[in-house]
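Student: Could you take me through one helix packing in this chain with some care, and then place that packing within the rest of the fold?

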Amino acid sequence: MNAVIVAVLTMLVLSLLRTHVVMALLIGAIAGGLAGGLGLEGTIAAFNSGIGGGASVALSYALLGGFAVAISQSGLPHALADRVVVMLGHNHNPQRVTLVRNAMLLVILLVAMSSQNIMPIHIAFIPLLIPPLLLVMSRMQLDRRLVACVLTFGLVTPYMFLPVGFGGIFLNEILLKNISASGLDVTGISVIEAMGLPALGMLCGLLIAVFISYRGKRNYDVDRVAATEHAAIQYSPRSILFALLAIAVAFVTQLYTDSMVMGALLGFILFSVTGVVRWNESDDLLTDGMKMMAMIGFIMIAAAGFAQVLRETGEIATLVSSSVEIIGQNKALAAFLMLLVGLLITMGIGSSFSTIPIIASIYVPLAMELGFTPLAIVALVGTAAALGDAGSPASDSTLGPTSGLNVDGQHNHIWDSVVPTFIHYNLPLLVAGWIAAVIL
């Protein structure tokens, strides 16, 4: 069996059996390396050479955790939560609860979408926005799996459809550039038109999650949520003002330096300098924040090593070429198999941005030979890469939502983030991408 399939299936099965994701990635990498002929020493060497690629992201998560705790200390999240409580009222009128619930989900969706283009900070907003709202969500019995689906939709759909912000990087600088380098003239091709149907598939998945799958109530331990809050915190207009200023400084710094590390660092320093966070408490607060985000950081580091092992086996290209051999001249089958292989590769690597260079060089000549139109080829390669971003245990599109929703330990990464997003996005995206490739 192909080493990529062995590695990815091993990782996914172990994760579904509630093995810790880091352990699942390590064992999956070893299984894939051995199946790919690297041997144990070669596999470990490849894994070690790859883990450095996740170090920057892990450090970013750690400092963002400390920054999030500092913001919590300022009282801003409590002020936001108190405002939502006022909107709910004391009698929790069902109609008002529904109104507040829907308004909250809409705001979360809009913030997530804008994090990809209007204010391209990607997942940095999640540990700042979501934890303060958990207590209110729990009182409303809002299913956190729905919140995970809303967040993931906002993190993935804009970059795969709109050529602005991260979407400009994904669609123009990576997708079209690699397709052009593979021999297809992309002059005059509209990426919005090409990726419209796949984006519609994502929207269908979101609507199913909102109105069918998770429209019911789910109980959470409210006392356990409250225990994660700093109950003794008192906030004032001054502390709220400095918190907003710190967020603005972190945001501008990240845009200017393209570094979440620098943004979070300067924001935390501002809290300390202004006295919102006492200097003698800053060490403990930063440590608490790092603990909160440590698991996510280690998963990202392990995922980088896992991806490097897959590349070192050389069997990603073999997987693609072997699927080509059974296609023949069947365009419908060709589109389905190429999308399926893209799903496997992206779920293993955890990044749709890194998948395109791997598959474009093989997919584009094959699709041209089979008679796919240029628009269909763009849709095919773009969808094949985006598949698996939602639903991968190692993707920041699932790790990000978990980092905010599991602050109190009541949101399982695999069963509450990965599985729901896989079902609601990968399956509709697979169908929509296949239709786009066939009819465009």
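Tutor: The crossing of H9 and H21 is right-handed, and since this is a predicted model, what follows describes computed geometry. The axes of H9 and helix H21, which covers residues 396-405, come within 9 Å and cross at roughly 140°. An angle over 145 degrees would count as roughly antiparallel and one of 65 to 115 as roughly perpendicular, so H9 and H21 are oblique to each other. On the H9 side the contact is made by Arg-144, Val-147, Ala-148, Leu-151, Thr-152, Leu-155 and Val-156, while H21 contributes Asp-396, Ser-397, Pro-401 and Leu-405.

To place this in the wider fold, consider the largest nonpolar core, which has 113 residues and in which Leu-25, Ile-108, Met-160, Phe-372 and Val-381 have the most contacts. Helix H9, residues 144-161, supplies the largest share of this core, with 11 residues. Another core, of 18 residues, lies apart from it and includes Val-69, Ala-264, Phe-271 and Val-276. Returning to the largest core, Val-381 touches Leu-175, Ile-179, Ile-359, Ala-360, Tyr-363 and Val-364, if residues up to four places away in sequence are not counted.

As for the chain as a whole, its secondary structure comes to 22 helices and 0 strands, and 56% of its 440 residues count as buried. Among contacts between residues at least 6 apart in sequence, 81% join residues at least 24 apart. The chain exposes about 17800 Å², of which carbon and sulfur atoms supply 66%.

Terms used. Residues are numbered from 1 along each chain as its sequence is written. This is a predicted model: local features need pLDDT of at least 70, side-chain atom pairs count only at pLDDT 80 or more; totals for chains, interfaces and linings use all residues. Side-chain values use heavy atoms; hydrogens and water are left out. Helices (H or I, at least four residues) and strands (E, at least two) are DSSP runs, numbered from the N terminus. Buried means under 20% relative accessible area, exposed over 50%, partly exposed in between (1.4 Å probe, protein chains only). Contact means heavy atoms within 4.5 Å. Accessible areas come from the Shrake-Rupley method with a 1.4 Å probe; for residues, only the protein chains shown count as cover. A nonpolar core is a set of buried Ala, Val, Leu, Ile, Met, Phe, Trp, Tyr and Cys residues joined through side-chain atoms within 4.5 Å. Axes are lines fitted to C-alpha atoms, for helices over the stretch in contact, and angles run from 0 to 180 degrees between N-to-C directions. Angles under 35 degrees count as roughly parallel, over 145 as roughly antiparallel, 65 to 115 as roughly perpendicular and the rest as oblique. A crossing is left-handed if the near helix is turned anticlockwise from the far one by less than a right angle, and right-handed if clockwise.
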